[in-house]
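Thanks for coming, everyone. Let's get started and walk through one structure together.

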Amino acid sequence: YGTFHSAVAAGDLCYLDTSAVWQNAAANAAATSGSMMAIALDADGGSDEGLVLLHGFAKIPSGVINGTPAIGKEMYASNDTAGEIDVGVPSDSDDVVRVVGYCVDIDSSDVLLYFNPDSTWITIA
């Protein structure tokens, strides 16, 4: 469902905007991390073709992981770079803290993520 923004690539964390376009998610605003989230599995930037994972397991490339992942630990929407996933909790004013999943395994710095975005989050004052 929806189309992909041209900046979305496979493995990116994205959200569905109000125009039904999958955009790269970022924790620096509720508008970009407080709605339906997915992992782009086969994004074809700017087209209506592609696949997203709404819930389940996905191998996330190390290039979109910020920090050093640890098995069993939470992972968050990134407040640094849209489309990426952080190991640390976002901490800047107006950042959204939202768990997007858990690290299940690490393989050559790539992460097997149990993707299960929390339906609740907080915004840091």
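**Inside the chain**

The largest nonpolar core in this predicted model has 19 residues. Those with the most contacts inside it are Leu13, Ile39, Ile60, Ile85, Leu113 and Phe115. Which elements give two or more residues to this core? They are strand 2, strand 4 (37–40), strand 6 (56–60), strand 8 (74–77), strand 11 and strand 12. Strand 12 gives the largest share, three residues. Keep a general point in mind here. In soluble globular proteins, nonpolar side chains tend to be buried together.

Now pick out Ile39. Leave aside residues up to four places away in sequence. Then Ile39 touches Gly11, Asp12, Leu13 and Cys14. It also touches Leu51, Val52, Leu53, Ala58 and Ile60. Ile85, Leu113 and Phe115 complete the set that Ile39 touches.

There is also a second, separate core, made of seven residues. Among them are Phe4, Leu16, Ala38 and Ala40.

**Two cysteines**

How many disulfides does the count give? The count comes to zero. Why is Cys14 not bonded to Cys103? A disulfide needs two cysteine sulfur atoms within 2.5 Å. The closest cysteine sulfur to that of Cys14 is in Cys103, and it is 20 Å away, so that is too far for a bond. Are these cysteines buried or exposed? Cys14 counts as buried, because its relative accessibility is 0%. Cys103 is buried too, with a relative accessible area of 2%.

**One salt bridge**

Next, charges. A search of the whole structure finds one salt bridge. Lys59 forms it with Asp107. Their closest N and O atoms are 3.2 Å apart. Where do the partners lie? Lys59 is in strand 6, and Asp107 is in strand 11. They are 48 residues apart, so this pair links distant parts of the chain. Asp107 counts as partly exposed, at 41% relative accessibility.

**On the surface**

Now the outside. Phe57, Val104 and Leu112 make a nonpolar surface patch of about 250 Å². Take Leu112 from that patch. It lies in strand 12. Leu112 has 31% relative accessibility, so it counts as partly exposed.

**Loops worth a look**

Two residues here have a positive phi without being glycine. One is Ala20, with a phi of about 65°. Ala20 sits in the loop between strand 2 (13–16) and strand 3 (21–24). Is Ala20 buried or exposed? It counts as buried, because its relative accessibility is 19%, and the cut-off for buried is under 20%.

The other is Ser109, with a positive phi of about 75°. Its loop runs between strand 11 (99–107) and strand 12 (110–115). Ser109 counts as partly exposed, at 47% relative accessibility.

Last stop, Ala26. This residue lies in the loop between strand 3 and strand 4. Ala26 is buried, with a relative accessible area of 8%. What does Ala26 touch, not counting residues up to four places away in sequence? Its contacts are Thr32, Ser33, Ser78 and Ala82. Now compare its place with that of Ala125. The two are 99 residues apart along the chain. Their C-alpha atoms are separated by 17 Å.

That's my tour. Over to you for questions.

How values were computed. Residues numbered from 1 in each chain as written. Predicted model: local features only at pLDDT ≥ 70, side-chain atom pairs only at ≥ 80, totals over all residues. Heavy atoms only, no water. Helix = DSSP H or I, 4+ residues; strand = E, 2+ residues; numbered from the N terminus. Buried < 20%, exposed > 50% of the residue type's maximum accessible area, 1.4 Å probe, protein only. Patch = residues over 30% accessible without salt bridge, like charges linked within 9 Å, V, L, I, M, F, W, Y side chains within 5 Å. Areas by Shrake-Rupley, 256 points an atom, 1.4 Å probe, with all protein chains shown as cover. Salt bridge = Lys/Arg side-chain N within 4 Å of Asp/Glu carboxyl O. Core = buried A, V, L, I, M, F, W, Y, C linked by side-chain atoms within 4.5 Å. Contact = heavy atoms within 4.5 Å.
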